[in-house]
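Student: Could you take me through a structure feature by feature, giving the general idea behind each reading before the particular case?
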Amino acid sequence: MFKILGVDHIGIAVEDLKEVGSFYTEALGLPNNGEETVAEQKVTTTFHPTPNGSEIELLIGTAPDSPITKYIEKNGEGIQHVALRVDNIENAIADLMAKGVRMIDEKPRIGAGGAKIAFLHPKATKGVLLEICEHEDR
Ligand code: ZN
């Protein structure tokens, strides 16, 4: 058993973190918690938290074969994934797989900020790339 705790973040693929980031900080007044590169996923991200705990995640690819670089080549910049926070990611993956939901990640991996994350297969969600994530401290 697992519980969805809320929308954790919306992941937006961009070509210029600084330019797009300044829109979120200056026009919208959100904080910026700094850049982080996740080498394994070939992305650099910045998170812009909102007061209810949901965040905007901006992502750029760090290599031509990065999933973000490929996403932008195919679709242009824009919303790339939606992440739901869960109370226990191991239980969530086991539960979803038991329900026949196709997963990209059958085991959690470590994402930005040390969160445990896993992606569902877009074929399981009518084309939405859905991430589930669990934070130790939230
Ligand atoms: Zn994400």
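Tutor: Let us begin with Leu-129, which sits in the loop between strand 7 and strand 8, and keep in mind throughout that this is a predicted model.

Student: Is Leu-129 buried or exposed?

Tutor: Leu-129 counts as buried because its relative accessibility is 17%, and the cut-off for that label is under 20%. Leaving out residues up to four places away in sequence, Leu-129 touches Gln-80, His-81, Val-82, Ile-104, Phe-119, Leu-120 and Pro-122. For a sense of how sequence and space relate here, Leu-129 and Ala-83 are 46 residues apart in sequence, while their C-alpha atoms are 8.6 Å apart.

Student: Which residues donate to the zinc ion, and how should I read the angles around the zinc ion?

Tutor: It helps to start from the ideal values, which are 109.5 degrees for four tetrahedral donors and 90 or 180 degrees for six octahedral ones. In this model the protein donors of the zinc ion are His-9 and His-81, each through NE2, together with Glu-57 and Glu-131, each through OE, at 2.1 to 2.5 Å from the ion. The angles that these 4 donor atoms subtend run from 84 to 173°, and therefore the arrangement is irregular. A tetrahedral label would need all angles to lie between 85 and 135 degrees.

Student: How are the donor residues of the zinc ion spaced in sequence?

Tutor: The spacing is H-x47-E-x23-H-x49-E. Within that pattern, Glu-57 in strand 4 and His-81 in strand 5 are 24 residues apart, and the pair links distant parts of the chain. Glu-57 counts as buried because its relative accessibility is 6%, and His-81 is buried too, with a relative accessible area of 3%.

Student: What does Gly-11 touch, once its neighbours within four places in sequence are set aside?

Tutor: Gly-11, which belongs to strand 1, is in contact with Glu-57, Leu-59, Gly-78, Ile-79, Gln-80 and His-81, and two of the zinc donors, Glu-57 and His-81, are therefore among its partners. Gly-11 counts as buried, at 0% relative accessibility. Gly-11 and Lys-70 lie 59 residues apart in sequence and 15 Å apart in space, taken from C-alpha to C-alpha.

Student: How much space lies in the largest pocket, and which residues are closest to its centre?

Tutor: Rolling a probe the size of a water molecule over the atoms shows where empty space is left. The largest pocket holds about 750 Å³ of space. Its lining is made up of 40 residues, and those closest to the centre are Gln-41, Gln-80, His-81, Phe-119 and Glu-131. Among the elements that give two or more residues to this lining are strand 1, strand 4, helix 2, strand 5 and strand 8. By class, the lining has 17 nonpolar, 13 polar and 10 charged residues.

Student: Which residues have a positive phi although they are not glycine?

Tutor: Most residues other than glycine have a negative phi. Lys-42 has a positive phi of about 55°, and Lys-126 likewise has a positive phi of about 55°. Lys-42 is found in the loop between strand 2 and strand 3, where it is partly exposed, with a relative accessible area of 31%. Lys-126 lies in the loop between strand 7 and strand 8 and is exposed, its relative accessible area being 84%.

Student: Where does Ser-66 lie, and what does Ser-66 touch?

Tutor: Ser-66 lies in the loop between strand 4 and helix 2, and it is buried, with a relative accessible area of 0%. Not counting residues up to four places away in sequence, Ser-66 touches Gln-41, Lys-42, Val-43 and Gly-61.

Student: How should I read Arg-138, in the segment after strand 8?

Tutor: Arg-138 counts as partly exposed, at 46% relative accessibility. Apart from its neighbours within four places in sequence, Arg-138 is in contact with Asp-8, Glu-55 and Arg-85. Arg-138 and Arg-85 are 53 residues apart in sequence, and their C-alpha atoms are 9.1 Å apart in space.

Methods
Residues are numbered from 1 along each chain as its sequence is written. This is a predicted model: local features need pLDDT of at least 70, side-chain atom pairs count only at pLDDT 80 or more; totals for chains, interfaces and linings use all residues. Side-chain values use heavy atoms; hydrogens and water are left out. On a 1 Å grid over the protein atoms alone, a cavity is a set of points where a 1.4 Å probe fits but cannot get out, and a pocket is an open set with protein on both sides within 12 Å along at least five of seven lines; lining residues have an atom within 4 Å of a point. Grid points are joined across faces, edges and corners, and a volume is the space filled by probe spheres set on the points. Helices (H or I, at least four residues) and strands (E, at least two) are DSSP runs, numbered from the N terminus. Ala, Val, Leu, Ile, Met, Phe, Trp, Tyr, Cys and Pro count as nonpolar, Asp, Glu, Lys and Arg as charged, and the others, Gly among them, as polar. Donors are N, O and S atoms within 2.8 Å of the metal (3.2 Å for Na, K and Ca); water is not among the atoms, so sites may look incomplete. Four donors count as tetrahedral if all angles lie between 85 and 135 degrees; four count as square planar and six as octahedral if opposite donors are over 155 degrees apart and all others between 65 and 115; anything else is irregular. Buried means under 20% relative accessible area, exposed over 50%, partly exposed in between (1.4 Å probe, protein chains only). Contact means heavy atoms within 4.5 Å.
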